[in-house]
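Please look over the sequence and the structure shown below before reading on. The report that follows takes up a few of the features one by one.

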Amino acid sequence: MNMRKPTSCLIAATLLTIAGVNAAAQDSAGRPAIRVYDATELALQRYTVVKRLWTGTWRASFWVPSYDDAPAALKALTEKAADLKADGVTNVHCLSEAAGAGGFFCYGLAIKLK
């Protein structure tokens with residue numbers, strides 16, 4: 001019996017797994033960490049508002065993104081802030097949809113620290 005083939009497959013699978021984990025770590029490391037600040041934690045003079053997230057447009061009257069749980073909704077909010085090159089989010093409010101299919105929705109302010 002030739003043991004070379006299974007050993008080669010095992011080594012290849014291990015290398016692919018390591019490469020995948022490394023790529024995922026680099027992707028998350030490439031994004032800046034977005035901190036969620038309490039509304040009372042920062043003075044107004046310490047930041048500027050980049051954008052109001054998930055509100056402030058006419059589309060918010062008809063559609064807002066909803067998620068299965070509050071952590072997923074908060075993660076989506078911070079990822080959107082990271083896309084805008086913000087340093088953090090503040091005035092965050094998370095709500096659950098009482099009527100309809102359910103789900104969670106978070107909104108807040110993407111901010112840039114001074």
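Is Thr78 buried or exposed?

## A helix residue and its surroundings

In this predicted model, Thr78 is buried, since its relative accessible area is 15%, and a value under 20% is what the word buried requires. Thr78 belongs to helix H2, which covers residues 70-83. Leaving aside residues up to four places away in sequence, the residues that Thr78 touches are Ile34, Val36 and Val89.

## The disulfide

The count of disulfides comes to one, and the two partners are Cys94 and Cys106, whose sulfur atoms lie 1.9 Å apart, a distance that meets the cut-off of 2.5 Å. The link of Cys94 and Cys106 is right-handed, with 105 degrees about the S-S bond. Because Cys94 sits in strand S3 (residues 88-96) and Cys106 in strand S4 (residues 104-113), the pair ties together parts that are 12 residues apart in sequence.

The two cysteines can also be described by their accessibility: Cys94 has a relative accessible area of 38% and is therefore partly exposed, whereas Cys106, with a relative accessible area of 2%, is buried.

## Salt bridges

How many salt bridges does a search of the whole structure find? The search finds three, and as a general matter, side chains of opposite charge can pair when their charged atoms come close. One of the salt bridges joins Arg35 and Glu41, with 2.2 Å between the closest N and O atoms. Arg35 counts as partly exposed at 41% relative accessibility, and Glu41 likewise counts as partly exposed, at 36%.

Another salt bridge is formed by Glu79 and Lys75, for which the closest N and O atoms are 3.6 Å apart. Because these two residues, Glu79 and Lys75, are four residues apart in helix H2, they are separated by about one helical turn. Glu79 counts as partly exposed at 32% relative accessibility, while Lys75 counts as exposed at 52%.
A further salt bridge is that of Asp87 with Lys112, where the closest N and O atoms are 3.7 Å apart. This pair links distant parts of the chain, 25 residues apart, with Asp87 in the loop between H2 and S3 and Lys112 in strand S4. Both partners count as partly exposed, Asp87 at 27% relative accessibility and Lys112 at 34%.

## A nonpolar patch at the surface

Which residues make the nonpolar surface patch of about 510 Å²? The patch is made by Trp58, Phe62 and Trp63. Of these residues, Trp63 is placed in the loop between strand S2 (47-53) and H2, and Trp63 is exposed because its relative accessible area is 55%, where exposed stands for a value over 50%.

## Drawing the features together

Helix H2 holds both the buried Thr78 and the salt bridge of Glu79 with Lys75. Strand S4 appears twice in this account, as the place of the buried Cys106, which is paired with Cys94 of strand S3, and as the place of Lys112, the partner of Asp87.

Definitions and conventions: Residues are numbered from 1 along each chain as its sequence is written. This is a predicted model: local features need pLDDT of at least 70, side-chain atom pairs count only at pLDDT 80 or more; totals for chains, interfaces and linings use all residues. Side-chain values use heavy atoms; hydrogens and water are left out. Buried means under 20% relative accessible area, exposed over 50%, partly exposed in between (1.4 Å probe, protein chains only). Contact means heavy atoms within 4.5 Å. Patches are made of residues with over 30% relative accessible area and no salt bridge: like charges are joined within 9 Å, nonpolar side chains (Val, Leu, Ile, Met, Phe, Trp, Tyr) within 5 Å. Accessible areas come from the Shrake-Rupley method with a 1.4 Å probe; for residues, only the protein chains shown count as cover. A salt bridge is a side-chain nitrogen of Lys or Arg within 4 Å of a carboxyl oxygen of Asp or Glu.
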